[in-house]
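Trainee: I should like to learn how a sheet and its packed helices are read from a model. May we work through one together?

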Amino acid sequence: MTKLSRFLVGTVPVVGHVSPAVPIVRQLVDQGHEVWWYTGQLFKPTVEATGARFIPMTHALDFSEIQNVPTDWVETRAALKGLAQLKFDLRNFFIDAAIGQVKDYAEILQQFPADVLLADTFFLGAAWTHELGGPPWAELGISVLSHSSRDTAPFGLGLPPDSSPKGRLRNLTLQALFKYVGFRDIAARIDKNRAQVGLPPTTQPFFGVKSPFLYLAGTLPEFEYPRSDLPPQVHFIGPLQAAPPPGEFTPPDWWGDLQQEIPIVHVSQGTVATDPRDLLAPTLQALAQENVLVVATTGKATDDVGLADLPANARVARFLPYAHLLPHVDVMVSNGGYGGVQMALAAGIPLVVAGKTEDKPEVCARVAWSGVGIDLNTKTPSPAQIKDAVRTLLTQPGYQKRAHYFQTKIAQYDAPQQAVTLLEQLAISQQPILGPSYPANKYASEYAR
């Protein structure tokens, strides 16, 4: 019988950070472990639905509630683009937040002496708490691997891997530029905040595998860039589905239209970069005269798609459960949100991706590299670009074949159970859980094009 343990989960209070932990926490609770989950107040119902105990943020900024975010932050962030916006987010929402997380964890652990801390990869409080004498911690990867490698360019550039001598020189040069020029101020901010909680400076960059004990990668190795120096504590567990299909689903009145003998194209704007003019509107315009049915989800409180008139072949909803929708879909058009891309692959759907904010350039680059879709390499594609890409996916079978290959491979994984098994090993041993680094990925272009 497996020893029952105590797990303290910490997640940044944003949907894309909370959702991947849901199936793992549910499985931990189902197997009898005691779980406390520290995150934003908005996610209390989500946490309690898993059977875990919800712990609110007290000292740390709870930005799950938009009214808690200073108005000047919102205005300043909106005026920034690209690297400047990314660095603003790193400073204010992740690095500075760690000080309050450490204070909260100190109080929580007095009441709940956890055996293991589980935290998403942007949640620094768990790592710093361990360094201060706390329990070992496991890292949950909520996006693509950002680990620096001699075989890859720095995270954020969206460049393909290159392990040739010339490529490794490129990688080393770019990494030095990022470390000593591009992200020098970020490293200084990390060290300043570490000093405030009693920790020495660190040489570890913000991006990368930070836990020396266990890193849970929620995808297949075939979706990740091959790294000859991959840390051995990295384990690929397969994509994490945020929730089981809802017991009751009331479909919209147009649901029967999905039974037509024409391709179904789904377009999603995601949950963070939600301006419909970026992707929803141009996709609807691009496909208005095509022999397809377009299903758009806005992800917002309104059904606004950025157009005055909805094309006749378009259907719109704020939200549709993917467990019900994706079995009907032939092509997905996405801004490159990591969770949505993984769910598309689990359903065997090739993708058109267009995203340039947050981690999206890296996700989009991997879609193209792994052969499961087309990266338009822009945040604001034209209708012509989208039309050509959708036509390509519908007419060139290599993409569909590659997506079906991913679907078959993903079906062989039980991500929640694999994660829990590894976490149980960590709770018992209190030592790094090492596995064989995955071999060089030979499959990247086998089925593409």
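Mentor: We shall take the sheet, then two helices, then one loop residue. Please note that the model is predicted.

Trainee: In what order do the strands of the open sheet lie, and which stand at the edges?

Mentor: One reads a sheet by following its strands from neighbour to neighbour. Here seven strands, paired in parallel, follow the order β3-β2-β1-β4-β5-β6-β7. β3 (53–55) and β7 (234–236) are the edge strands; each has a single partner, so one side of each lacks a neighbour in the sheet. On average, neighbouring strands are turned by 25° against each other, direction ignored.

Trainee: Which strands of the sheet does α6 touch?

Mentor: Helix α6 packs on the sheet against β1, β2, β3 and β4, and its direction makes about 155° with that of β2.

Trainee: How is the packing of α6 and α7 described?

Mentor: One considers the angle and the separation of the axes. For α6 (residues 97–111) and α7 (residues 124–131), the angle is about 60° and the axes are 8 Å apart. The two helices are therefore oblique to each other, and their crossing is right-handed. Among the residues making the contact are Y105 and L109 of α6 and W128 of α7. By class, the contact residues comprise seven nonpolar, three polar and no charged.

Trainee: Where does G306 lie, and why is G306 called partly exposed?

Mentor: G306 belongs to the loop between β9 (293–297) and β10 (314–317). Its relative accessible area is 35%, and the term partly exposed applies because this value falls between the cut-offs of 20% and 50%. Leaving aside residues up to four places away in sequence, G306 touches P276 and A281.

Conventions:
Residues numbered from 1 in each chain as written. Predicted model: local features only at pLDDT ≥ 70, side-chain atom pairs only at ≥ 80, totals over all residues. Heavy atoms only, no water. Helix = DSSP H or I, 4+ residues; strand = E, 2+ residues; numbered from the N terminus. Buried < 20%, exposed > 50% of the residue type's maximum accessible area, 1.4 Å probe, protein only. Contact = heavy atoms within 4.5 Å. Axes fitted to C-alpha atoms, helices over the stretch in contact; angles between N-to-C directions. Parallel < 35°, antiparallel > 145°, perpendicular 65-115°, else oblique. Left-handed = near helix turned anticlockwise from the far one by under 90°. Nonpolar A, V, L, I, M, F, W, Y, C, P; charged D, E, K, R; others polar. Pairing = 2+ DSSP bridges.
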